[in-house]
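Visitor: I should like a close look at the salt bridges of this model and at the helices and loops around them. Please proceed residue by residue.

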Amino acid sequence: MKQRDRNADLIRCVAVYSVLSVHFLLNSGFYSVPVVGWDMLIMCMVRSLFMVCVPLFMILSGYLMWQKVLSRRYYRGILKTLEIYVLASIACLLFKRFAQGESITLRSALLGILDYDAANYAWYIEMYIGLFLMIPFLNLAYHGLKSRREKQVLILTMVLLTFLPKMLNNFNLTQPGWFAAPSSSETYDPLVPGFFTAMYPITYYFIGAYLREYDWKISRKRNLLLLVLAVMLFGCYNFYRSDGGNFVWAANSTWGGENLITAVLLFTLLLHVNLERMPRMLQGAMLYISQISLGIYLVSWIFDKIVYNEFFKPYVTVTNERWKYYFLVVPCVFLLSTGGASLLYLIRDVLHRAGKRKK
């Protein structure tokens, strides 16, 4: 039996926890208040760190699936993902119907599942299905290159096509004095073509494949130092871009160059963490969370609504004070989402066993 990559499990756990951390900013009102003062500067740095959540998943796909080939067995691999997505969608629909009082019919439910909005965080599933279908062909392209140098050129080309536009096309070069008050306008002048930016998941995939084949030889201390410096620098930059107004996304989106850098740095750091001495209980917990991480991601929307709307925001009404409760709220949502996801996987296993008995 192939030995499980425990560092990959660690990366998946950090990624799903980062998802919930980013959603803390969304649900606590971070984007609706002026970006001023030290508190908001710190929150901008926190955001720069946790925005690596989805990029980590995408890089991990390339890292783990870089040798997958075209076969019927490969395509059957998507079924587990779709099963959890459908179950999570049903859970979200039931919550909307009975907890939020939405009018939901069988027709609207089916259309919502097919449109990937029944589960509100399911945009990732829509992206992943397309990436999954392309992976055997992406691997053919990657392995068809003859040298490490050619693979580096491939990744550089993809970065230029998918990330450079987001980095360069967010400056207002025509409004006098804009650089002194960048939050005053979000009208930007394009400097490079941005047609292919939506292909950024493929860039992350190729980076993951490259890291699996060649790794990145860098000391852990230097790796950590670069990560800390990147988070601080990008946090300060986003504070500057937003200073005095609401948060300006600029380059700090999922397909932004900032997240490309921080995600690669964090991925390589976690990849080289020595887990040999980790207690067995923690290893077991890490493995379990890794295995159900997709379910945690998808059902966390339900517990976001419960925790933030019912128990958090009504009692902590000052938005700028809410960040102080991060270490209470996010672990709470994480534990509840883990319980919800566990139930989904239990239901899936019961359905599988029932189906086998019928055969």
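Guide: The account below begins with the salt bridges and then turns to neighbouring and other parts.

The model is predicted, and local features are described only where pLDDT is at least 70, side-chain atom pairs counting only at pLDDT 80 or more, whereas totals for chains, interfaces and linings use all residues. Residues are numbered from 1 along each chain as its sequence is written, and side-chain values use heavy atoms, with hydrogens and water left out.

In general, side chains of opposite charge can pair when their charged atoms come close. A salt bridge is here a side-chain nitrogen of Lys or Arg within 4 Å of a carboxyl oxygen of Asp or Glu. The structure holds 7 salt bridges. One of them joins the side chains of Glu213 and Lys151, with an N to O distance of 2.9 Å. Glu213 belongs to helix α10 and Lys151 to helix α8 (residues 148-162), so this pair ties together parts that lie 62 residues apart in sequence. Helices are DSSP runs of H or I with at least four residues, strands are runs of E with at least two, and both are numbered from the N terminus.

The two partners differ in their burial class: Lys151 is buried at 5% relative accessibility, and Glu213 is partly exposed at 29%. Buried means under 20% relative accessible area, exposed means over 50%, and partly exposed lies in between, with a 1.4 Å probe and protein chains only.

Helix α10 also contains Phe206, which is buried, with 4% relative accessibility. Leaving out residues up to four places away in sequence, Phe206 touches Leu138, Tyr142, Leu154, Ile155 and Met158; contact means heavy atoms within 4.5 Å. The C-alpha atoms of Phe206 and Asp243 are 35 Å apart, although 37 residues separate them along the chain.

The loop between α10 and α11 (220-242) holds Asp215. The side chain of Asp215 meets that of Lys217 in a salt bridge with an N to O distance of 4.0 Å. Asp215 is buried, with a relative accessible area of 18%, while Lys217 is exposed at 72%. The backbone of Asp215 is also notable, its phi being near 60°, a positive value in a residue other than glycine. Most residues other than glycine have a negative phi. Tyr116 likewise has a positive phi, near 65°; Tyr116 sits in the loop between α6 (106-114) and α7 (123-144) and is partly exposed at 23% relative accessible area.

Elsewhere, Lys324 and Glu321 form a salt bridge whose closest N and O atoms are 2.6 Å apart. Lys324 is partly exposed at 48% relative accessibility, and Glu321 is partly exposed at 32%. Arg4, Asp9 and Arg12 are linked in a network of salt bridges.

Helix α1 (residues 6-28) and helix α2 (residues 37-50) have axes that come within 9 Å and cross at roughly 145°. Axes are lines fitted to C-alpha atoms, for helices over the stretch in contact, and angles run from 0 to 180 degrees between N-to-C directions. The crossing of α1 and α2 is left-handed, a term that applies if the near helix is turned anticlockwise from the far one by less than a right angle, clockwise being right-handed. At this crossing, Ser18, Ser21, Val22, Phe24 and Leu25 of α1 meet Met43, Arg47 and Phe50 of α2.

Tyr237 lies in helix α11 and is partly exposed at 23% relative accessibility. The C-alpha atoms of Tyr237 and Leu41 are separated by 9.6 Å, with the two positions 196 residues apart along the chain. Beyond residues up to four places away in sequence, Tyr237 touches Asn170, Phe171 and Glu258.

On the surface, Met167, Leu168, Leu173, Phe179, Leu191 and Tyr240 form a nonpolar patch of about 520 Å² accessible area together. Patches are made of residues with over 30% relative accessible area and no salt bridge, like charges being joined within 9 Å and nonpolar side chains (Val, Leu, Ile, Met, Phe, Trp, Tyr) within 5 Å. Accessible areas come from the Shrake-Rupley method with a 1.4 Å probe, and for residues only the protein chains shown count as cover. Of this patch, Phe179 is found in the loop between α9 (164-168) and α10 (200-214), and Phe179 is partly exposed at 44%.

Finally, Arg348 in helix α15 (residues 326-358) is buried at 14% relative accessibility. Apart from neighbours within four places in sequence, Arg348 is in contact with Lys80, Glu83, Ile84 and Leu87.
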